[in-house]
Amino acid sequence: MDFVQLLELFGSGVWGTVKLFTVALVGSLVLGTILAAMRVSPTPVLRIAASTYINVVRNTPLTLVMFFCAFGLPFLDIRFGSSSSFNSFVYATIALTAYTACFVAETLKAGIATIPVGQAEAARAIGLTFNQTLSEVILPQAFRTVIPPLGSVVIAMLKNTSIASAFNNRELISAMRNAIELRGDLVIPILFGTAVAYLVLALILGRIFSYLERKLVILR
């Protein structure tokens, strides 16, 4: 295998990581927002359900969550197509989404706590419902408040995508493993290249969140 083929192999690995990360990011932001809303809901059942889910999943190793999704869901005959590679991708996405959403929810809940209570009271005074107050007054400010810690959660999820390689997913770590099998004489350069690829992706995310923080920061 020559240098160009190695680059192509790593390119496919990077693309696999980016796809997995992007889909899981959208899913975790949506699910995390719902869980955060449930955590501050006036309905006790919703608060208890969200708190239980977060405490159980957040304190379970991601490898076990991934293992359950990759092997437990097929055992329950839950599949999303005839392609094994597509099913593996979906299972890994579900695991990452379910796990990361817990941290997104806790980060958002902390952001909600920083919003003055008077704003919610004012919203109720003008006739807004709880859902309207949350979606139109509280959450927009909470998201802007927690951009830095949310960035840390997202970058951590990027690195967590590496676990998906153990469950039949093509991403950076699986590309690294294949490259080492084909070119065992280049172990150190391959490991270094993998680390650089993750570093570049993480730095890009860091730049994006730094930009968002400057543009959306709330001055108090």
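## Asn87 and the largest pocket

Let's start with one residue: Asn87 is buried, with a relative accessible area of 7%. Keep in mind that this is a predicted model.

**Exercise 1.** Work out why Asn87 counts as buried, and find what surrounds Asn87.

*Solution.*
- Step 1: take the cut-off, which puts buried at under 20% relative accessible area. Asn87 comes in at 7%, so it is buried.
- Step 2: place the residue. Asn87 sits in helix α4.
- Step 3: list the company. Skipping neighbours within four places in sequence, Asn87 touches Arg79, Phe80, Gly81 and Ser82.
- Step 4: look for polar partners. The Asn87 side chain gets to the backbone nitrogen of Phe80 at 2.7 Å.

**Exercise 2.** Describe the largest pocket: its volume, and which residues lie closest to its centre.

*Solution.*
- Step 1: the volume of the largest pocket is about 250 Å³.
- Step 2: 16 residues line this pocket, and Ile112, Ala120, Arg124, Phe130 and Ile138 are the closest to its centre.
- Step 3: sort the lining by type, and you get 12 nonpolar, 3 polar and 1 charged.
- Step 4: trace the lining back to helices. At least two residues each come from α4 (84-113), α5 (117-125) and α6 (130-145), with α6 giving the largest share, 4 residues.

**Exercise 3.** Say what UniProt marks at residues 14-209, and what that span looks like here.

*Solution.*
- Step 1: the unreviewed UniProt entry puts "domain: ABC transmembrane type-1" at residues 14-209.
- Step 2: in the model, that span is 81% helix and 0% strand.
- Step 3: its end C-alpha atoms lie 21 Å apart.

Conventions
Residues numbered from 1 in each chain as written. Predicted model: local features only at pLDDT ≥ 70, side-chain atom pairs only at ≥ 80, totals over all residues. Heavy atoms only, no water. UniProt positions renumbered as here; feature names shortened; annotations may be inferred. 1 Å grid on protein atoms, 1.4 Å probe; cavity = no way out; pocket = protein on both sides within 12 Å on 5 of 7 lines; lining within 4 Å. Points joined across faces, edges and corners; volume = space filled by probe spheres on them. Nonpolar A, V, L, I, M, F, W, Y, C, P; charged D, E, K, R; others polar. Buried < 20%, exposed > 50% of the residue type's maximum accessible area, 1.4 Å probe, protein only. Polar contact = N/O pair within 3.5 Å; in protein donor to acceptor, adjacent residues only side chain to side chain. Contact = heavy atoms within 4.5 Å.
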